[in-house]
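Visitor: Please take a close look at one part of this model with me, and then lead on from there into its surroundings.

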Amino acid sequence: MASIRDVAKLAGVSLGSVSRYLNGQQLKETNMEKIAQAIKELDYKENIIAKGLKNNRSFSIGLLMNSISSRFGSEVVSGIEKVAEENGYSLLLSGFSDESRQVDEKISYLMKHSVDGLIVFLSGEEWVDLKKLEKIQVPLVSINYPDTQQQADAILLNDRQSVREVIEHYIQQGHQKIGYISAPQEDYTARERLLGAQEAIAINQSVTLEIYEGDYTRKSGFLGAEQLIDKGVTALFVSNYNMSIGALECFNQKRVVVGEEIVFGHYDYLDQGEQSILPQITINPPTAKIGETAATMMLERIKQTPNEELEKKVILMNNELFGLTT
């Protein structure tokens with residue numbers, strides 16, 4: 001098995017240069033290329049345990065989330081894992097329900113495993129104990145929740161703007177009664193999306209926004225679409241993918257033709273090549289990019305030196321809109 005000395009000898013550099021390279025420090029470009037080539041040729045593998053003991057690191061990142069089973073959640077996790085593995089880190093994933101006691105237990109579990117940083121993927125907020133997060137002595141990155149900015153870097157989505165653009169598009173097409181199926185308003189993301197729709201209506205007061213609050217299930221999407229159709233809406237937007245499937249089932253049962261009798265839009269997590277052939281508008285979060293960005297932010301925090309003081313970052317990421325044509 002190749003050693004760090006073998007790498008240094010083949011690359012024609014000092015042991016110190018190889019060590020600094022392996023610890024993520026910047027060297028002369030030519031030296032970095034030589035070391036990288038030597039590592040590849042020798043198939044050199046670092047002793048992560050020894051390196052961790054030396055640097056007081058576990059080379060693992062904790063991820064706490066309550067949306068593991070969703071496609072959105074799984075694709076974000078894939079993005080985090082990709083960047084972590086490329087940088088020699090493993091991912092320790094811990095899921096939870098909305099019970100605050102269970103969240104405390106999960107945080108304690110991750111801390112006992114000495115993770116070097118913690119990414120918290122928040123799809124709700126009623127359980128969040130900010131005082132608990134304040135006590136964590138490792139870098140924090142939060143996804144989907146703005147009120148951790150004093151303790152953590154944060155990644156948010158421009159959901160409000162995206163929904164506003166869709167509703168404004170409906171209004172420009174001449175729709176006077178627009179339906180909106182929302183998720184429960186305890187959720188920060190759900191509130192942001194509904195606010196986008198309400199802002200579009202606020203500057204077009206001749207237009208009516210009919211709102212039905214669902215519960216994320218297909219059944220609530222079906223019932224919401226049924227009720228809003230009965231109210232005479234000619235355009236409908238659904239703020240969640242599962243509920244949009246229920247709405248489409250309602251259209252099918254009532255023989256309502258999408259694109260002719262009703263204009264339809266919703267949140268989706270499929271890429272452009274997988275989009276439905278129905279004439280509809282979809283808002284697509286950049287799921288993989290969210291995960292990759294979260295992992296990159298985390299690694300920057302982990303690798304910062306004790307003397308560095310990096311300001312807390314809040315990154316607002318743009319969704320993609322498909323089908324928004326005149």
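From an end helix to the core

Guide: Helix H1 (helices being DSSP runs of H or I with at least four residues and strands runs of E with at least two, both numbered from the N terminus) carries the exposed residues Arg5 and Lys9 on the face turned away from its buried side; exposed stands for over 50% relative accessible area, buried for under 20% and partly exposed for what falls in between, with a 1.4 Å probe and protein chains only. The model is a predicted one, in which local features need pLDDT of at least 70 and side-chain atom pairs count only at pLDDT 80 or more, while totals for chains, interfaces and linings use all residues. Residues are numbered from 1 along each chain as its sequence is written, and side-chain values use heavy atoms, leaving out hydrogens and water.

On its buried side, H1, which spans residues 4–11, has Val7, Ala8 and Ala11. These three lie on the same side of H1 because they cover an arc of only 95° around the axis, taken from the directions of the C-beta atoms. Among the elements that cover the buried residues of H1 are helix H2 (15–22) and helix H3 (29–42), and just after H1 comes Gly12, with a positive phi of about 75°.

From H1 we can turn to strand S3, residues 117–121. Five of the five residues of S3 are buried, so this strand is largely enclosed by the rest of the structure. The covering applies to both faces of S3, with Gly117, Ile119 and Phe121 buried on one side and Leu118 and Val120 buried on the other. Strand S1 pairs with S3 in the parallel sense over five bridges, where pairing asks for at least two DSSP bridges between the strands, and Gly62 has Leu118 of S3 as its bridge partner. S3 is also joined to S4 by four bridges, again running parallel, and there Ile119 stands opposite Val141.

Ile119 leads from the strands into the interior. When its neighbours within four places in sequence are set aside, Ile119 is in contact (heavy atoms within 4.5 Å) with ten residues' worth of surroundings that include Ile61, Leu64, Ile80, Ile143, Ala294 and Met298. In the largest nonpolar core, which has 26 residues, Ile119 belongs with Ile61, Ile80, Ile143 and Ile290 to those that touch the most other members; such a core is a set of buried Ala, Val, Leu, Ile, Met, Phe, Trp, Tyr and Cys residues joined through side-chain atoms within 4.5 Å. At least two residues of this core come from each of S1 (60–65), helix H5 (71–86), S3, S4 (140–143), strand S5 (153–157) and helix H12 (287–303), and H12 gives the most, with seven residues. Apart from this core lies another, of 19 residues, including Tyr170, Ile201, Ala235 and Ile283.

A last stop is Lys254, which is found in helix H11, residues 241–254. Lys254 is partly exposed, its relative accessible area being 34%. Residues up to four places away in sequence not being counted, Lys254 touches Glu226, Ile229 and Asp230. Of these, Ile229 is 25 residues from Lys254 along the chain, and their C-alpha atoms are separated by 9.7 Å.
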